[in-house]
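This briefing is meant for someone meeting the structure for the first time. Please look over the sequence and the model before reading on.

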Amino acid sequence: MDLNNTSIRVKALIISGMGINCEQEMAKAYQLAGAIPTIVHINRFFFDNTLETVLSNYDIINFPGGFSYGDDLGSGQALANCIRYQRRGNNREKEPLLAEIIQYLKLGKFILGICNGFQVLVKLGLLPQLTPNTPAPEVTLTYNLKGKFEDRWCKIGINHNSTSPLLSKFLTQKKTSLYLPIRHGEGRLLMANDEIRKKIQSLHLDCLFYQESDKDKKENNARANYYPSNPNGSELAIAGLCDTSGQVLGMMPHPEAFLCEWNHPNARGTISTSSTNRTVDGLQFFKNIVLEITQRKLTNNSN
Amino acid sequence: MNINQQQYDQVTFVQIKNRDNIYDPWGNKFIASVKREHDFNCGEFIAGKIYTVNKLYYRQFNIEESELKSLALSAWCDPLLHQVSINDVGIIGDLNNNLNGDSKTDNYQSLIIIGKHPGVTDDEGKVAEITARDFFSLAHFQDDNQQYSQTILTNKFLFLKNRIDLLKLRQWGEEFLANRLINYIIVAQYPFDDIQQQLTKIANRSFVPTFTTQPTQFLQKIERFEHILEFTKNRDLAFDDTELKSILGYYQRGDIQAKRKKFFAISGDSAGNSASDSTVIGPSELEIEIFAQTWSEHCKHKEFNAIIEYHNLDCNQKITINSLFKTYIQSATNLITERLKHATTIVEKKRERNGSHLSPSSRINRPSRPSWPSWPRKVFADNAGLVQVDAQHYLAFKVETHNTPSALDPYGGAITGILGVNRDAVATGVGGGKAILNTNVLCFAPPNYQQPLLPGQLPPRRIMEGVVEGIADGGNKMGIPTVNGSIFFDDRFAGKPLVFCGTAAIMPTQICRQGMSEAIDSAEKIIDNGDLIVMLGGRVGKDGIHGATISSMSLNEDSEHNSSSVQIGSPFTQKLLFDFLEEAVQQGLVKACTDNGAGGLSSSIGELALITNGAVVELHQVPLKYHGLAPWEIFVSESQERMTLAVSESAWEQLKKLSLNMNVEATNIGRFTNSGYLEINYFSEKVAYLELDFLHHGLPQKKLFAEWQTPIGKNEGNPCDNYHYFNNIEYNKIALQLISSLNICSREEIIRRYDHEVQGRSILKPLMNHLPPHAPQDAGVLRLNLDNESYRGLAVANGMAPQYVDYDPYHSSAGAFDEVIRQIIAVGGRIPSDKPESLASEDSVWTINDNFCMPNAVYDPEKNPDGKRKLGQLVEMCRALYDISTYYNIPITSGKDSMKNDLVVGENKISIPPTVLYSAISIIPDVRRTISSEFKNSGDLIYLIGNTYNELCGSEFFKILKLDCFQVPSQVPKVRKELARPLYLKMMQAHDMGLLESAHDLSQGGLWVALAEATFNSNNGVGNGAGAGTGALGADIEIVERDMPPWLYLFSESHSRFLVSIKPQRQKQFEQIWKTNGSENESENENKSEVTNVTLLGTVTDRKAITLKFNKQIIIDLNIDQIYHEWENGLKQYLH
């Protein structure tokens, strides 16, 4: 297939502004993965009618990490409010941006939220969204049990029962875990009730989880229940969630901060400097997404 | 309706409280702190927030209280976490379940509410307002809100189960939750009847729109010195007599008076109406304030520019120094720049010569042409030093201190410190660069400080916690990685902590300006007559008024009452500002920008106006947080997150539009002119008219006195003569004491609170290994860009050694300088050799900031009897800077000084030790080749590189034994630069040949500590993550040493040493390097009498223990887990 054909190439929208701060490395990640990234300031959706703000022109919408609105009102809350209530041109006659996003998802397209972006998707009710097309607050992300911001590399397990296309390539690659940095103060996932917990488990929406990483322990690779392997006290050690359609994925870890092998804290002395730059977990994450979406576009085109 | 009724009717209270069993770190911390510090159990708690909403404001959009209710339910709370109720403050209600009012309230006996004083910026309130605008589909940013700067205010509260004495509760609130400079506290016991009334009163003060202008005062009499003296004294301004006389002289000048009469007469106001020839127009209060800001220590560095009569008593030499800055700092950088330029010329000539008459094929071997200058692009002339780091980018680097604000309000002081230095880096040249790294060095009194606290002095532990939180929030919320830092503890920082904050930003070397076809050099600020002055960012309030002058004064117990000297930081506001500035510069809309830091508009406009030589400011255009500010307050306020831009008239409309779309307030507040004067108007009133030349060059030079004599102690001689101190040393015990001592132990608890990965550039992190044991590193390394094509990067390091300053200030400074060099050499950075190709190389570019922090060093026979000695220490420190900098050809590109770091309360004075910090960034040509500090493989050989001397004076070892070098003869570590440089060049050679597996520099705690830290590796060379576990490696060490006892060999803190490990098969190659006569033919006469020792110490093992034999006897035998445990917990035990 001709991956240079621009109609086939994956177009990634990356939201920026209002305190979001990981948009540039995220754009670089998509670029290195072969996609065409476009960074668009969130406010432009409300005053700018250029093609760059038309959602259906993109294959995947990305909410990067950062501190949108300084985390005031609770992390992700204020940006979620903006998306849920604000309309183009501040015009009450028009639909809020969230309605456009739901229309966009009906086209079978994708959304990824990382860290603060994950918080935004959760507060919007897009995750886990147990009833399709009906965003509702079912889970939340709140203060880490340690009560502090924390920067730490974690072992992230991949739930192989997950049906999300965004992770499907990892399943065929038989990849069970990733090493990625987490950097957050509010990453502890709580669920509204047992019913929601059971649904999340039975539908395998808990697609990424903190994994026990102590090699001395027998339960290596098990879901991590304790600090620091589970850095924030999340229920079911959840590090990432997807919705029932699999099109929306949110996660606390930062794959966009691991684009070359020398980013890894163990990298010195373990990797020969002469080795070719193999694809590391973070970049692989984006390559897999881009490959999956490309294949889907090709299939759709040939149909 | 009477006025009170109207006011009461203006407010809606929204209470958002946590649901049961929701973990709340804020409340938890309070309960835990009260328990720990006061042994009191507050019982269970419920935490939450109260939003006070200006209902009147929303009514203009036909939004009624019922709609505010649904706003609160749908947008301000998270239904999983919170319950919401309206207008029932003090009752635990729940709107979600229609239970407005809850009988359970009486289960909670105490209540504490923390809010912000009227006028203090309330970010959460602002965000709540933006959300309200989203909810009601109003535009984010409109000019409809001139009346109120905030329409929603927020409070936090805790209902506490147990009944608590109100005085105690208030005191604990001040101790753990609030700062009374910023916050008000309301405490109550059940029933909480009048709480809502109290909050209403406060809200009324905040929300009532008032509009008063205060007429400006003029000093009418200036015939006598006393007139002006009294005027300034009443205002607490830090002038000395000479300065006041000089100002008086200015106003008495005939030409000035003539101009003033002409200028002020135009307005026909009270100042000018009776202006006959005999009357004079004295200074306006605004003018005096402008002098105070512009001539403050903070802005003009009066002591660094003073004439100093210096007497060195050691060699009985007397010299007159005309400005420490010019003599030792600027001249060093100038000399280095000349050398680098000269070297480049030689390389260019060689290239021409070789290239012109050789065949094309042999031209490949000609000396390569440097792609860009290796000398600094801009030094000491802008907000930050500027060097070029790659083909398209400059790097702006600035480090500053924020000590006094951090002593008063640790969190606020530190966060405004880091945000302020962000602005310095980003506002260099045209501005709009991208901040890519933060660094910080913090000096505190130990958290277990036992001395009684003086009035106005905060407990050291609280200062540490607050400062760390401020640094973390500032960096994290701005998305700037904190790549490197350090913390130093000493009792003498109990009066004032030192908070050094640094930021580097990259910006394109060329930018296009709108309407111009050719790109221009972004390093220059080019402003033309007629360009607009634009203020950008946060609104102006009374915060931080007199910050620049306060930092020029000693702290005393009254400082705390001067509440306006505290500034409030808002990373959110600043992030929006930076995003906007980057975009506006890219669109070519900005001609120049500068930071509004100390001195506010007064400083920023004052500096930019020098470029065109004049400015007119319309003060009434400046957007205010609240009304009632006098003109002088508007001009000198240090309200944060602001910048001043120069914008051409043609670009203004577009810039304004862009600012509205990016939620940034941009206001045109005047014009640049070429009149030679700074003219300031406030509505129709003329309020200031000052000659720029006098304002900036009229400051009389200070004259100061300094002397230095090395203290007479037992520092000459051999400590071995005093063996009785060391006869019974238990090495295992001392080894563990050292590794857990506050100045050596792990900073992990703090490091992990700083985001060091954001932007994805991170290569060498503060701690390596993703699982414990984590290894501390010497320098931070990051990539410049994320493409696969280039792995060019930067190394960042800090060096400081105040522990030696009382014995030998010269070597305290030299040692700090050596420390940054050796840290960067350890990871794989490069210093230039004396060859032209090396000096001209773009791979040995360095940029260093110096930061001198001094106690009061102005001699006064009564108030400061040892002032001469302290200033003498500063002279010696500056001499060392010159010597080391010029020896290595490593330039200082920017710096700062902070001169009055004392706490004076009555007879008591706590003064910091004179401290210089060197912060360095240098080029790493290929980050993939950098080396970390920890051993990698079992079987590798361990070497000590460099010479160990009898240098235990000031050491951590002596500190643990409670010895000083007045009791035991030992010396301060000395920098032997003639030996160090060839050693560093050979280390570079070992790096280049790929021989090193690990490299760690030796500093506090000497060889033992470096060795222990180097064993902290969890992955044993197996690969990413696979070798996880606690402790995988150890070391077998055998030292044979006849001339030195083990304690000296192991714990001496001699400089310029490394601990390295290599693969055994590379032993020959490695040792060969040190046998040859240096990798470069050093042309100068190195000191040949001494040679560098390279000593094979032992091997890396997989035994997870360190066994150390000294002359065949095992003296240390410790398990790595045990060592790591001690190292890990040294500081952690004092942090939550």
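What follows takes up the interface between the chains, then two sheets of chain B, and then the salt bridges.

The model is a predicted one. In it, 83 residues of chain B are in contact with 73 residues of chain A, and chain B also holds an open sheet of seven strands that begins, in the order given, with β18, as well as an open sheet of seven strands whose order begins with β36.

**The interface between chain B and chain A**

- The size of an interface is often given as the accessible area lost when the parts come together; for chain B and chain A the buried area is about 6,600 Å², and carbon and sulfur atoms give 53% of it.
- Five salt bridges are counted between chain B and chain A, and a salt bridge is also what joins the side chains of A:Lys148 and B:Glu749, with 3.3 Å from N to O.
- The rule for polar contacts finds 29 residue pairs across the interface of chain B and chain A, with both residues at pLDDT 80 or more.
- On the side of chain B that touches chain A, at least two residues each come from several elements of chain B, including β2 (45–54), α4 (65–76), α16 (460–478) and α24 (748–751), while α5(B) gives the most, with nine residues.
- Sorted by kind, the residues on the side of chain B that touches chain A are 32 nonpolar, 27 polar and 24 charged.

**The sheet from β18 to β23 of chain B**

- This open sheet of seven strands in chain B has mixed pairing and the order β18-β20-β16-β21-β19-β22-β23.
- Its edge strands are β18 (592–595) and β23 (685–691) of chain B, each of which pairs on one side only, and the twist from one strand to the next averages 25°.
- Strand β22 (residues 677–682) of chain B and β23(B) run antiparallel and are joined by six bridges; B:Asn681 stands opposite B:Lys686 in β23(B).
- Helix α18(B) lies across β16 (532–537), β18 and β20 (642–647) of chain B and runs at about 20° to β20(B), whereas helix α21 (residues 649–661) of chain B, which packs on the sheet and touches β16, β20 and β21 (666–672) of chain B, has a direction that makes about 160° with that of β21(B).

**The sheet from β36 to β41 of chain B**

- This open sheet of seven strands in chain B, likewise with mixed pairing, has the order β36-β38-β35-β39-β37-β40-β41.
- At the edges stand β36 (996–1001) and β41 (1113–1119) of chain B, each with a single partner strand, so one side of each is left without a neighbour in the sheet.
- Neighbouring strands of this sheet are turned by 20° against each other on average, direction ignored.
- Strand β37 (residues 1034–1039) and strand β39 (residues 1094–1101) of chain B run antiparallel and are joined by four bridges, and B:Asp1036 has B:Thr1099 in β39(B) as its bridge partner.
- Helix α25 (residues 809–827) of chain B packs on the sheet, where it touches β36 and β38 (1058–1062) of chain B, and its direction makes about 165° with that of β36(B).

**Salt bridges over all chains**

- Over all chains the count comes to 61 salt bridges.
- B:Lys302 and B:Glu243 form a salt bridge in which the closest N and O atoms are 3.0 Å apart.
- B:Lys302 lies in the loop between α12 (297–300) and β7 (307–312) of chain B and B:Glu243 lies in helix α9 (residues 241–252) of chain B, so this pair ties together parts that are 59 residues apart in sequence.

Methods:
Residues are numbered from 1 along each chain as its sequence is written. Chains are lettered from A and ligands numbered from 1 in the order in which they are written. This is a predicted model: local features need pLDDT of at least 70, side-chain atom pairs count only at pLDDT 80 or more; totals for chains, interfaces and linings use all residues. Side-chain values use heavy atoms; hydrogens and water are left out. Contact means heavy atoms within 4.5 Å. Buried area is the accessible area (1.4 Å probe) that two parts lose on being put together, summed over both. A salt bridge is a side-chain nitrogen of Lys or Arg within 4 Å of a carboxyl oxygen of Asp or Glu. A polar contact is a pair of N or O atoms within 3.5 Å; within protein, one must be able to donate a hydrogen and the other to accept it, and residues adjacent in sequence count only if both atoms are side-chain atoms. Ala, Val, Leu, Ile, Met, Phe, Trp, Tyr, Cys and Pro count as nonpolar, Asp, Glu, Lys and Arg as charged, and the others, Gly among them, as polar. Two strands pair if DSSP finds at least two bridges between them. Axes are lines fitted to C-alpha atoms, for helices over the stretch in contact, and angles run from 0 to 180 degrees between N-to-C directions.
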